[in-house]
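Dear colleague,

I am handing over the structure below, and I would be grateful if you could read my notes with the coordinates open beside them. The notes follow the strands first and then the helices.

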Amino acid sequence: MLRELKYASAVARYQSYRKAAQVLGMSQSQLTRIIQALERDLGLTLFHRDRNGAAITAEGAAVLAEASALLQSEERFQARVASIRSVTKKQIRLAVGAIVAQTWLPTAIARVAQKHPLVSISVREVDWWKLAELVSGDEFDIILGECSEAEQNPEVVVHHFPDRPACFFVRESHELAGRSRVSLGDIARFALVAPRLPARIVKQFPAIGKHGQVSSDGRYMLPTIEAPGLRAILDIILGSNAIGMSLPEFCREEIERGTLVELPLRAPWLCIHQGIMLPRGREVSPAVRAFIGIAKSAERNYFTPNLK
């Protein structure tokens with residue numbers, strides 16, 4: 001009956017069977033038969049026909065007023081079905097920071113490929129200080145990475161990952177390698193190899209040293225050697241007296257072999273602070289929702305592999 005009510009609404013809108021039939025893409029006689037059948041089913045006369053067209057009756061106006069809510073509900077239903085159907089496109093567009101891209105993301109993508117083989121995933125690695133700016137746009141479905149700046153934007157929803165400890169490390173022959181205690185002052189005496197560091201870490205370092213310099217706006221610190229690639233950081237440290245800053249999980253093999261030494265300095269601020277960033281109020285598709293669940297699991301397993 002919804003289809004017939006929709007046709008009746010068209011007749012009422014145009015006050016003409018002929019015009020409504022043209023818009024609906026059917027013959028006038030076909031539309032007339034449909035409306036007549038609807039009137040019989042309802043036991044009401046919806047329209048009076050005359051030489052000037054089709055005039056809606058009082059009963060017809062009341063029926064179509066009630067039908068309006070049903071038709072709007074159907075439109076919302078159809079839109080929702082279209083959204084669900086869009087999952088068959090199976091496209092997820094990701095913008096990610098370097099640490100995400102170089103640690104647990106490949107595992108997450110592999111799991112998606114295994115569980116949802118029709119899903120298409122595109123990944124763009126983006127500098128972490130640009131991630132928050134991408135959340136409100138339409139180019140990406142999910143933003144993953146350093147979220148300290150996104151947290152300041154009320155239009156962004158952040159699903160946090162646990163803060164994961166980072167560390168300073170040096171090659172085995174470095175003069176700090178045998179120390180039982182190391183301070184930030186000691187570290188500042190050497191060149192620092194690291195990604196560009198966010199403001200939350202910048203304020204912990206001494207104002208003067210060889211470790212790097214703060215940007216003019218105080219937004220981040222440029223280390224002496226800026227190397228966003230974690231593998232590049234390890235290679236540079238292995239061949240120099242610089243100090244590296246990275247994740248202990250990423251350099252675990254080198255530390256176990258003894259070619260790299262983790263410096264004995266741990267602090268709550270010495271960590272990565274990352275999350276999943278989404279625009280507030282935007283509907284999340286089933287495909288994106290599935291990816292978020294897999295991403296949380298992959299991140300957790302990367303950093304805590306022994307936990308079930």
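To begin with one pair of strands, strand 3 (residues 91-96) and strand 4 run parallel and are joined by 6 bridges, and within that pairing Ala 95 has Arg 124 of strand 4 as its bridge partner. Please keep in mind throughout that this is a predicted model.

Strand 3 also pairs with strand 5, again in the parallel sense, over 3 bridges, and here Val 96 is the residue that stands opposite Leu 144 of strand 5. Both pairings belong to an open sheet of 5 strands, whose order is 4-3-5-17-6 and whose pairing is mixed. The edges of this sheet are formed by strand 4 (120-125) and strand 6 (156-160), each of which pairs on one side only. From one strand to the next, the twist averages 25 degrees. As general background, the strands of a sheet pair through backbone hydrogen bonds, in either a parallel or an antiparallel arrangement.

A helix is packed against part of this sheet: helix 6 (residues 105-115) lies across strand 3, strand 4 and strand 5 (142-146), and its direction makes an angle of about 170 degrees with that of strand 4.

There is also an antiparallel pairing to look at, in which strand 1 (residues 47-50) and strand 2 (residues 53-56) are connected by 4 bridges. A hairpin of 2 residues leads from strand 1 to strand 2, and Phe 47 stands opposite Ile 56 in strand 2.

Turning to the helices, the axes of helix 2 (residues 17-24) and helix 3 (residues 28-42) come within 9 Å of each other and cross at roughly 105 degrees. Because crossing angles from 65 to 115 degrees are counted as roughly perpendicular, helix 2 is described as roughly perpendicular to helix 3. On the side of helix 2, the contact involves Tyr 17, Arg 18, Ala 20, Ala 21 and Leu 24, while helix 3 contributes Gln 28, Leu 31, Thr 32 and Ile 35. Sorted by character, the residues in this contact between helix 2 and helix 3 comprise 6 nonpolar, 2 polar and 1 charged.

With best regards

Methods. Residues are numbered from 1 along each chain as its sequence is written. This is a predicted model: local features need pLDDT of at least 70, side-chain atom pairs count only at pLDDT 80 or more; totals for chains, interfaces and linings use all residues. Side-chain values use heavy atoms; hydrogens and water are left out. Two strands pair if DSSP finds at least two bridges between them. Axes are lines fitted to C-alpha atoms, for helices over the stretch in contact, and angles run from 0 to 180 degrees between N-to-C directions. Contact means heavy atoms within 4.5 Å. Angles under 35 degrees count as roughly parallel, over 145 as roughly antiparallel, 65 to 115 as roughly perpendicular and the rest as oblique. Ala, Val, Leu, Ile, Met, Phe, Trp, Tyr, Cys and Pro count as nonpolar, Asp, Glu, Lys and Arg as charged, and the others, Gly among them, as polar.
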